[in-house]
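Hi,

Here is the structure I said I would pass on. Have a look at it first, and my notes follow underneath.

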Amino acid sequence: MTGSPARTLLLWCPDWPVLAAEIVDGVPATGPVAVLHANRVVACSERARAEGVRRGLRKREAQGRCPQLTVVDYDPGRDTRAFEPVVAAVEELVAGVEVVRPGACAVAARGPSRYLGGEEAAAERIIEHVAQSCLVESQVGIADGVFAAGLAARAGRVVAPGGTPEFLSGLPVEALGRSALADLLRRLGVRTLGDFAALPAGDVLARFGFDGALAHRLAAGRDHRPLAVRQPPADLTVTAELDEPIDRVDVAAFVARALAEQLHERLAGHGLACTRLGIEAVTEHGQELHRVWRHDGLLTAAAIADRVRWQLDGWLSGSSGRTGARPARPTAGIIRLRLIPDGVIAQAGLQAGLWGETGEERERAHRALSRVQGILGPEAVVTAVLGGGRSPADQVRLVPWGDERLPARPGPPPLPGEPTTTGVGRAGGADSAADADGAAGVGRAAGMGRAAGRGGGGVPPWPGRLPRPSPAVVLPSPLAATVQDTAGEAVVISARLAVSAPPARLVVGTGRPAEIVGWVGPWPVDERWWAPAEARRRARFQVCLADGTALLLAVEAGQWLVEAIYD
């Protein structure tokens, strides 16, 4: 926060929310238009101002002054999208643009003034280029610092170097853009920025706080930060235009290797590495093919070439159109091939793991599975990812091989020796449960494992989560079952989770009864009770049969179900 601010050129588009509504929604800005936020006018067109509409007016008062007023809701996303072409047009002439807000962007004035023939010539050139490229009227102001340049842009002025404090001194305190502070300063007799800047900095900090101290620096012509310029994204895509259509895999592999090396060199030149690769191909008949490959490491030139070759093999070796597992092959040869680095990270090397995470065997398996994906599609090879949930079916989801292995829902970390996955976080916003991990009733355990409630590392478990161990097999569709007591009567669970009798026999479907030698439960859960159409209330039991089989049972709406099988 020390030192004099740099010379800054700021381009300002007047009434930008109104212009954005015209660009995106087709609302004619030449008519009386007002943009409203929270029932107050935040911007209006020149025609509306001629009718007496001003910023800050309520909707009813603005329409009373101008009955023909067209009202548009404020949409910051619309303003930002419409302003992007203007920023791109400025970047065609000047490097290092900071978007102050939709409708205003700033650049350091030194560079444009040197190669465009002075500050005034640079301002005129930028205004003209934006008008020709985007059909948008704009004004440019140049001063010391972003704040002063913004005020100079509203007046269309170029403030001489060192003259910024004098330029600001005569402006009213409302120019700070802080209505509460401006009102307080006026009641204290401080009406201009010069009067405010003349106050001692220590007294301003003590009386108005940190925000008042920042406003005091701005009033004195001292910005509190340098320009935060944006860097336009580099074009990393590589394309090969082929003279002869390619319909053979060996020829396609040769082209793929050359294109992969070109992409890798371009990425290395920017200090980047590819983790997600998009492959696009266009055939002679105009058919467009596209596929995205993911990789949990860094794609080298050889790895990129392999994936392009596998994908071309999958396309060119497809079926002839008959129904089958393989997709239909293109009707003509490929004439254009494009590689798009859809996901890039800084190239920092890849540390080999102690247990073979990046070893030769894992890489060989990865190459084989990736090739199967190239032929059959990304959904043909999937891997399980652990996450949060109250039942085993909720805690596992299948993702395509090579995709990011992130859980769909956060959950506690697994116990030592259990499979792990990345990104397992803290459970938040969970549904309510009738019981949190402890057994609601005392059962007869026969090798059913540890009690629940262990969070691990300070991460709490899901309320209503089943105790460990986890089952080995989760059935895709639960099997209907009947649980009977020693007298042959059906075991019933009341609304208060009372078991009518100890479970003694289990009948799955139309099978033979099996003796239950141990059981524990119930673990109740009441999910989404606030949405009747999605509500689900059930109780789970773990049972052990006489033949040594352990099962996970659930009773829902009076029906017993077999959900999973334990080892």
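**What I found**

In β3, Cys44 is the bridge partner of Ala34. One thing to keep in mind throughout: this is a predicted model. That Ala34–Cys44 pair belongs to an antiparallel pairing in which four bridges join β2 (residues 33–37) to β3 (residues 40–44). The two strands make a hairpin with two residues between them, and Ala38 in the turn has a positive phi of about 55 degrees.

Next, the barrel. Six strands close it, in the order β14-β15-β16-β17-β18-β19, with antiparallel pairing. On average, neighbouring strands in this sheet are turned by 40 degrees against each other, ignoring direction. If you want one pairing to click through, take β16 (residues 514–527) and β17 (residues 536–545): they run antiparallel and are joined by nine bridges. Within that pairing, Val525 sits opposite Arg538 of β17.

Now the core. The largest nonpolar core has 30 residues, and the members that touch the most others are Leu277, Ile279, Ile304, Val308, Leu312, Leu337 and Leu339. At least two residues each come from β8, α12, β9 (272–283), β10 (288–299), α13 (301–316) and β11. The top contributor is α13, which gives eight residues.

How many cavities of 30 Å³ or more turn up in a search of the whole structure? There are two.

- **Second largest cavity:** this one holds about 30 Å³ of space. Leu242, Ile246, Ala252, Val255, Leu312, Ile334 and Leu337 line it, and by class that makes seven nonpolar residues, with no polar and no charged ones. β8 (238–246), α12 (249–269) and β11 (334–346) each supply at least two of the lining residues. You will recognise Leu312 and Leu337 from the lining, as both are also among the core residues that touch the most other members.
- **Largest cavity:** its volume is about 80 Å³. The lining consists of Pro392, Gln395, Arg465, Leu466, Pro467, Arg468, Pro469, Ser470, Pro471 and Tyr566. Here the classes are mixed, with six nonpolar, two polar and two charged residues; Arg465 and Arg468 are among the residues in that lining.

If you only have a few minutes, I'd start with the core around α13, which supplies eight of its residues, and then go to the barrel that β14 to β19 close.

Cheers

How values were computed
Residues are numbered from 1 along each chain as its sequence is written. This is a predicted model: local features need pLDDT of at least 70, side-chain atom pairs count only at pLDDT 80 or more; totals for chains, interfaces and linings use all residues. Side-chain values use heavy atoms; hydrogens and water are left out. Two strands pair if DSSP finds at least two bridges between them. Axes are lines fitted to C-alpha atoms, for helices over the stretch in contact, and angles run from 0 to 180 degrees between N-to-C directions. On a 1 Å grid over the protein atoms alone, a cavity is a set of points where a 1.4 Å probe fits but cannot get out, and a pocket is an open set with protein on both sides within 12 Å along at least five of seven lines; lining residues have an atom within 4 Å of a point. Grid points are joined across faces, edges and corners, and a volume is the space filled by probe spheres set on the points. Ala, Val, Leu, Ile, Met, Phe, Trp, Tyr, Cys and Pro count as nonpolar, Asp, Glu, Lys and Arg as charged, and the others, Gly among them, as polar. A nonpolar core is a set of buried Ala, Val, Leu, Ile, Met, Phe, Trp, Tyr and Cys residues joined through side-chain atoms within 4.5 Å. Buried means under 20% relative accessible area, exposed over 50%, partly exposed in between (1.4 Å probe, protein chains only).
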